[in-house]
Amino acid sequence: MGSIFLTRVVLRNYKSIGNCDVRLKPLTYLVGANGSGKSNFLDALHLVRDALMGSLDNALSERGGLTEVRRRSSGHPTHFGIRLEFRLPGSGKTGYFAFNVGALKNGGYEVQTEECSIGGRGKGPFYRIVRGKLEESSEETFPVVTSDRLALVAVSGLAAFRPVFDALASMGFYNLNPKLMRELQKPQDGRLLKPVGENIASVIGHLEKNAPEQIANIDGYLQTVVPMVHGFERTGIGPVETLLFRQDMAGSAHPWRFLAQSMSDGTLRALGVLTALFQGNRDFSPTLIAIEEPETALHPAASAALRDALMKAAQQTQVIVTSHSPDLLDDLNIEPDLLLAVVSEGGETKIAPLDTASRRTMRDHLFSAGELMRIGQLAPDRDALANQAKNQPDLFADIDE
């Protein structure tokens with residue numbers, strides 16, 4: 001099955017997550033109760049993209065500043081850290097990008113250490129920066145860097161590191177908002193769907209021109225999820241644009257046409273989720289798609305089609321979804337390796353693979369993940385959690401090949 005861009009994620013003191021060290025699959029389900037911290041895991045990855053595409057300052061400000069991002073605890077950590085291990089699309093080269101951000105006495109912050117390595121230290125491109133000063137680099141020339149920004153932004157001008165910047169900047173994160181999808185939209189860049197779907201008309205228009213086969217994928221799944229809908233298209237209304245749907249009406253021989261403003265939340269959310277999953281085309285392909293609770297506002301009967309869409313999309317693009325829906329996981333064919341259990345204990349989020357009993361039960365097809373969730377038996381592996389707490393990996397270690 002499919003494509004893996006991020007192979008491993010290590011987090012330190014990020015929001016409710018004290019420490020986390022998990023490996024990702026082409027499709028990963030983050031499962032756990034509301035408030036367990038699933039969204040905080042995705043937000044750490046989203047912060048990296050935001051900091052690269054805008055600035056670290058903006059990325060932190062949008063989240064309420066450093067004090068809201070770093071974990072609050074009796075230990076009062078003054079910093080947070082992120083390490084992303086990856087396999088680059090195209091070349092297949094492995095590497096990592098890692099940094100930690102700490103508070104300054106004047107209320108500001110600094111990137112304390114930042115490293116990027118491709119292919120292993122001493123074998124491929126590498127740099128190490130400490131508090132805005134270059135300590136080591138594989139490159140003869142290196143741009144000026146400062147301690148209040150991620151150096152990878154400046155370094156992306158060097159051919160050696162451009163693939164890492166491009167791959168991390170091509171991750172998409174979604175918590176879709178039907179209200180904003182319903183509004184008339186100004187034409188925008190339609191290559192990557194924005195986080196709440198506010199440019200969906202432009203994305204559909206872009207796919208209509210560049211990837212009609214993806215429009216067919218979206219349309220096929222949408223008709224399964226919302227049987228009354230028989231197609232959709234981008235349409236212009238003066239200087240703005242929206243979506244036009246064809247829908248069956250009782251007593252009419254032909255489908256009626258409705259603008260997005262007339263469509264239900266469930267229909268718009270379903271279209272948003274499917275567009276996020278199948279937006280890759282010859283002009284642009286995301287490296288990772290992360291969707292918050294894709295089953296929201298959908299009828300439970302639509303879960304099988306949504307599951308199938310997630311599996312199909314993960315053959316082309318790595319997919320992560322958060323869910324607390326037993327219906328979405330109600331399939332004996334879901335492999336236990338695709339699930340990471342998320343729990344909150346004492347206000348701290350812990351993430352690990354499923355425990356041995358859950359895995360065995362699923363492997364033997366005795367219960368589906370959804371059935372285990374309904375009876376409260378979808379639990380993280382305690383040994384794995386203990387190991388994470390005891391053997392916290394160095395954010396800046398070389399990759400074990």
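This is a short tour of two helix pairs and one pocket in a predicted model.

**First stop: α7 and α9.** Select residues 200-210 for helix α7 and residues 265-277 for helix α9. Their axes lie 11 Å apart, at an angle of about 50°. Angles of 35 to 65 degrees fall outside the parallel and perpendicular ranges, and α7 and α9 are therefore oblique to each other. The crossing of α7 past α9 is left-handed. Now show side chains: on α7 the contact uses I200, V203 and I204, and on α9 it uses L271, G272 and T275. Coloured by class, this contact shows four nonpolar residues, two polar ones and no charged ones.

**Second stop: α8 and α9.** Keep α9 selected and add helix α8, residues 212-225. Here the axes come within 10 Å and cross at roughly 145°. This crossing is right-handed. From α8, pick I218, Y221, L222 and V225; from α9, pick T267, A270, L271, L274 and T275. Together these residues make the contact, with seven nonpolar, two polar and no charged among them. L271 and T275 of α9 also belong to the contact with α7.

**Third stop: the largest pocket.** Select R49, M53, A169, L192 and F284, the lining residues nearest the centre of the largest pocket. The full lining has 20 residues, and the space inside is about 360 Å³. To see where parts of the lining come from, show α1 (38-53), α5 (162-169) and β9 (171-174), each of which supplies at least two residues. Colouring the lining by class gives ten nonpolar, four polar and six charged residues.

Terms used: Residues numbered from 1 in each chain as written. Predicted model: local features only at pLDDT ≥ 70, side-chain atom pairs only at ≥ 80, totals over all residues. Heavy atoms only, no water. Axes fitted to C-alpha atoms, helices over the stretch in contact; angles between N-to-C directions. Helix = DSSP H or I, 4+ residues; strand = E, 2+ residues; numbered from the N terminus. Parallel < 35°, antiparallel > 145°, perpendicular 65-115°, else oblique. Left-handed = near helix turned anticlockwise from the far one by under 90°. Contact = heavy atoms within 4.5 Å. Nonpolar A, V, L, I, M, F, W, Y, C, P; charged D, E, K, R; others polar. 1 Å grid on protein atoms, 1.4 Å probe; cavity = no way out; pocket = protein on both sides within 12 Å on 5 of 7 lines; lining within 4 Å. Points joined across faces, edges and corners; volume = space filled by probe spheres on them.
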